[in-house]
Amino acid sequence: MATTSIETDLDLTDNALTVLARRYLKKDMDGNVIERPEDMFRRVADNIASAEGYYGADDGAVAALADAFYGAMTRREFMPNSPTLMNAGREFQQLSACFVLPIEDSMESIFEAVKNTALIHKSGGGTGFSFSRLRPADDIVSSTRGVSSGPVSFMKVFDSATEAIKQGGVRRGANMAVLRVDHPDILEFIEAKSEHSALTNFNLSVAATEEFMRALQRDETFDLINPRTGEATDLLSAREVFHRMAELAWAGGDPGIIFLDRINAKNPTPHVGEIEATNPCGEQPLLPHESCNLGSINLSKMVDGTGESAHINWDRLRETVHLAVHFLDNVIDMNELPLPEIAEMTRANRKIGLGVMGFADMLILLGIPYNSQQAVHTAEQVMQFITEEARAKSRMLADQRGAFPNWEGSTYEVAGEEPMRNATVTTIAPTGTISIIAGCSSGIEPLFAVVYTRHVLDKDELLEIHPIFERIARERGFYTPELMKEIAARGSLHDVADVPADVRELFATAHDITPEWHIRIQAAFQEFTDNAVSKTVNFPNEATVDDVEHVYRLAYELGCKGVTIYRDGSREEQVLTTGKTEKSKQPAATPVAPRSRPPVVTGQTRAMRTGCGKLYVTINRDEHGPFELFAAMGKAGGCAASQSEALARLVSLAFRCGIPAEEVIKQLRGISCHMPAWEPGGERILSCADAVAKAIEQSVMPEGEQLAMDFNGTTFGHAGACPECGGTLVHEGGCNVCRDCGYSQCD
């Protein structure tokens, strides 16, 4: 059924309805949606409120709380994380978004973790791991008299398992791999994703210690420690390791950095264990076997008035915080977790992570530019209020229900504070899909675009205009359809002279804002957040490795617990192999004349299955190799036939000019459209261009030597095509998110 035909009385955008239909609403065995958005919110509200029965509430109290939960969600003031919306009140009652699993230095522990990862990914969760306990590569294995292959080799095992598991479900498995900076294999770890097709189901973070950061500040060396023996094995220059981290992040976004000792300094239950890893987007540090359940308040709904009279409604925000904490604490009781060890640890600490979304919208409503000290002050003010009120509600719940079981010995108990129900209460998470449902900006990110083109499967492309910008444009008389199209094409208001300067300043987008302002906003939220903050620091394409280093240092100096960066378009470039950030200058190329066609050429025709039908690809050769290519789209005419012919002509020209077939394959493979198809053997054909690439590969590459590329139609930050619907991917909060259909790399 068409997603926009869903019946609803709620004020939801077409985008929200599309996301709900694709990912959240119940479907019958034929894939037809059988649940309205109202039904989903009621299902969730009733299920989570029923936990009150465990504490002696009568039916009337349960119903009243369910109505309050329902109201907060349908007014789009608060949304829980995706698994709760998807699974609460259904046969599959797994409600947590992310988990951390331990990995000890034994084959039994490693493959037990692989098995548990499969169970978690099947349940819709993401996983984080520290590989720091594993002995380094080439270290002795006494039981077999052999040598260890090291942490990175085992990361590939987890990646392959995730790849296999995700084929059978609608939610991708996402992983975070963490390695201590003092592990002997740290350089191999840093470079593990230098080939962009490697470890595609992992985000990487280097766990930087205080010792490392001190050595960096003093330009000194630091020890590498073998985790098996606890002994130092080598010395490395902190500056050189830090520079290599920045180089690889500059080139492709990975690795990020987390400040491990700072995280553990804020660990509320050090008597229970040490935090070694985070969830896939880095905002939730967790003990081994802990899970997190998150939710976010829509800050755009906390502003009253317009123009100069706009102000934050603190009473409404307080009421929403208290209700959200109550909701998230109930989720812990209603959650059916995939492993008994996870259930035990989760209920012993009862961590929750209340965060925010719509921060950029709030600033716009208040008339505050994102890249300003006033925005930093607003972030501090809002998050301090939320955390204080969340702790107040947690203390109320502790008074009624008891403190979290690990309270005794916690940092709170040692400091003589009042008991709390939850070991942590606040987290700033990415909100890629729930912010679409809520109709607001994502997390604490700035706007990615003011006007953009949205792809609709059964319609033409539509212009999506930020509603506040459209209102201002109409009120101030500069709105025209032509101007909106120009803004969409530019992607920014920066140089659009027809938009007044004050409006351009107010609607600055992610790429208009300098990395320093990105990190200052992150630090402002971190100061008043129990856990951590998920945020992408955006860099322009022309940024240097030194710029990345500067932001990493600034993040540490300002008190962040970690940082993830993305340089625009970086995934399309080769990884640096030297310390230079400039591209190597190449001599001007000499024009190459296409070689002439001989009277006779020979070739083969392959039938490739695509979403548009069978594509027949013929590749002819001369004595030099591939010479020409023809592509015919079955019985199709119009655009499909003409575009196939155009593609074939350009490929033929490339062959005749001597461009290697491998280079043509690399350019075409992984291009995605909204209608993928599958070959009988199970291989996914993402588009006609992808089919041509695979046909060339089959024709010219010896079997067993075909290119090891797994683009899955997307890369981490490239605003390319969504692998599910063909829409535009946006890199925010450490993830790729499609604003058209709700696809998320981490969700």
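# A short tour of the chain, starting at F404

With a relative accessibility of 1%, F404 counts as buried. This residue is a handy place to begin in what is a predicted model. The chain around F404 has 747 residues, of which 58% count as buried, and it holds 24 helices and 28 strands. Among contacts with a separation of 6 or more, 68% are between residues 24 or more positions apart.

**F404 and its surroundings**

- F404 sits in a loop, with α14 (373-401) on one side and α15 (411-414) on the other.
- Which residues does F404 touch, leaving aside its neighbours within four places in sequence? The contacts are T269, A348, N349, R350, S410, Y412, M420, R421, N422 and A423.
- One of these partners, N349, is 55 residues from F404 in sequence, yet the C-alpha atoms of the two are 5.5 Å apart.

**The disulfide and other cysteines**

- There is one disulfide in the structure, and it links C98 with C292 at an S to S distance of 2.0 Å.
- C98 belongs to strand β2 (residues 98-101) and C292 to strand β13 (residues 291-292), so the bond ties together parts of the chain that are 194 residues apart in sequence.
- Are the two bonded cysteines buried or exposed? C98 is buried, at 2% relative accessible area, and C292 is buried as well, at 1%.
- Two further cysteines are worth a look: C281 is buried with a relative accessible area of 12%, while C657 is partly exposed at 24%.

**A three-stranded sheet**

- Three strands make an open sheet in the order β1-β14-β17, and the pairing is mixed.
- β1 (78-80) and β17 (353-357) are the edge strands, each pairing on one side only.
- On average, neighbouring strands here are turned by 25° against each other, direction ignored.
- β14 (residues 294-298) runs parallel to β17, and five bridges join the two.
- Within that pairing, I297 stands opposite V356 of β17.

**Nonpolar cores**

- The largest nonpolar core contains 84 residues, and L85 and F525 have the most contacts inside it.
- Beyond its neighbours within four places in sequence, F525 is in contact with V356, F359, A379, M383, I428, I444 and V533.
- V356 thus turns up twice in this tour, as a contact of F525 and as the residue opposite I297.
- A second, separate core has 64 residues, including A215, V537, V551 and C560.

**The β27-β28 hairpin**

- β27 (residues 729-732) and β28 (residues 735-738) run antiparallel and are joined by four bridges.
- Two residues lie between the strands of this hairpin, and G733 in the turn has a positive phi of about 60°.
- L729 of β27 has C738 as its bridge partner in β28.
- In a regular strand, side chains alternate between the two faces of the sheet.
- How are the faces of β27 covered? L729 and H731 are buried on one side, and V730 and E732 are buried on the other.

**Two mostly covered helices**

- Helix α1 (residues 14-23) has eight of its ten residues buried.
- The buried set in α1 consists of N15, A16, L17, T18, V19, L20, A21 and R23.
- What do the buried residues of α1 pack against? They meet α2 (37-49), α4 (82-87), α16 (434-438) and β18 (451-454).
- Helix α9 (residues 238-252) is mostly covered too, with 13 of its 15 residues buried.
- At 1.5 Å a residue, the 15 residues of α9 should span 21 Å, and its end C-alpha atoms are 21 Å apart, which agrees.
- Right after α9 comes G253, which has a positive phi near 95°.

Notes
Residues are numbered from 1 along each chain as its sequence is written. This is a predicted model: local features need pLDDT of at least 70, side-chain atom pairs count only at pLDDT 80 or more; totals for chains, interfaces and linings use all residues. Side-chain values use heavy atoms; hydrogens and water are left out. A disulfide is a pair of cysteine sulfur atoms within 2.5 Å. Buried means under 20% relative accessible area, exposed over 50%, partly exposed in between (1.4 Å probe, protein chains only). Two strands pair if DSSP finds at least two bridges between them. Axes are lines fitted to C-alpha atoms, for helices over the stretch in contact, and angles run from 0 to 180 degrees between N-to-C directions. A nonpolar core is a set of buried Ala, Val, Leu, Ile, Met, Phe, Trp, Tyr and Cys residues joined through side-chain atoms within 4.5 Å. Contact means heavy atoms within 4.5 Å. The expected span of a helix is 1.5 Å times one less than its number of residues.
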